[in-house]
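Let's take a walk through a protein fold together, one piece at a time. Keep the picture open while you read, and look for each part as it comes up.

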Amino acid sequence: MTDELKPWSVTASRITYEDRWIRVRSDDCVTADGTVIAPFHVLDYPDWINVIPVMPDGRVVLTREYRHGRGEIVLGLVASGVERSDSNTGDTALAAAQRELREETGYEASTFVKLLTSYPNAASHSNAVTSWLALGLSKAGEPRFDPGEKVELLFTDLAAILADLQSGAVIMQSMHVAALFTAESWLRTQASEGLK
């Protein structure tokens, strides 16, 4: 590591677009060497969560959902933005994971394991995503989808979905892929240590 890397200075900042989904912040910046970069647009998303629910028989629960950005039905994880209501507890990411698991699947989990926190795109996004493993699942009711949301559940073997991802037979959001491989590593380590 060198000491030559320094954060940019922001000489002006304004919100150029905002709605319930996203806020675009347009910054006028000056790099450490004096280069002016203006405007530089930052997407201020709320933090996100991903959940990998594991059934008692070892299968994982995935979602199939229309994703308008790609215009396709896409396989993925239980996922959501962290909402204001999630901040009523100490760990907002955990509260969001618990809420979204219940809403999208109708399941609750007795144990949540924090797998990793990462940045979706630190170049232009301000948020982080935290991925969770949900264990000890039990059915708590029917899913409660948001308006316009329709989710199908797929119960599958983790090794099979990882093989499909590696072969290119399945394409998923990259943060979901990272979470699935991290989950596989965590589960393999626990099994080798005799812990479940």
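**Two sheets and a pocket**

Start with strand 1 and strand 2, the latter covering residues 23-30: eight bridges join them, and the two strands run antiparallel. If you'd like one spot to zoom in on, find Y17, which stands opposite V24 in strand 2. Keep in mind as you look around that this is a predicted model.

Now zoom out a little. That pair belongs to an open sheet of three strands, in the order 1-2-3, with antiparallel pairing. Which strands sit at the edges of this sheet? They are strand 1 (9-18) and strand 3 (36-43), and each of them pairs on one side only. The sheet isn't flat like a sheet of paper, either: on average, neighbouring strands are turned by 20° against each other, if you ignore direction.

Next, hop over to another sheet. This one is also open and built from three strands, but here the order reads 6-5-10, again with antiparallel pairing. Its edge strands are strand 6 (72-76) and strand 10 (151-156), each pairing on one side only. From one strand to the next, the twist averages 25°. Look closely at strand 5 (residues 60-67) and you'll find five bridges joining it to strand 6, with the two running antiparallel. A handy landmark here is E65, which stands opposite V74 in strand 6.

With the sheets in mind, let's go looking for a hole. The largest pocket has a volume of about 1,800 Å³. How many residues line it? The count is 45, and those nearest the pocket's centre are W21, W48, R67, S80 and G81.

So where does this lining come from? Strand 6 turns up again: it gives the largest share, five residues. Several elements each supply at least two residues, among them strand 4 (48-53), strand 5, strand 7 (78-81), helix 1 (92-105) and helix 3 (174-192). You can also think in terms of domains: domain 1 (7-41) and domain 2 (46-191) each contribute at least three residues to the lining.

Finally, what kinds of residues face you in there? The lining of the largest pocket is a mix, with 18 nonpolar residues, 11 polar ones and 16 charged ones. Try colouring the lining by those three groups, and then pick out W21 and R67, two of the residues nearest the centre of the pocket.

Note on methods
Residues numbered from 1 in each chain as written. Predicted model: local features only at pLDDT ≥ 70, side-chain atom pairs only at ≥ 80, totals over all residues. Heavy atoms only, no water. Pairing = 2+ DSSP bridges. Helix = DSSP H or I, 4+ residues; strand = E, 2+ residues; numbered from the N terminus. Axes fitted to C-alpha atoms, helices over the stretch in contact; angles between N-to-C directions. 1 Å grid on protein atoms, 1.4 Å probe; cavity = no way out; pocket = protein on both sides within 12 Å on 5 of 7 lines; lining within 4 Å. Points joined across faces, edges and corners; volume = space filled by probe spheres on them. Nonpolar A, V, L, I, M, F, W, Y, C, P; charged D, E, K, R; others polar. Domains from an automatic or database assignment.
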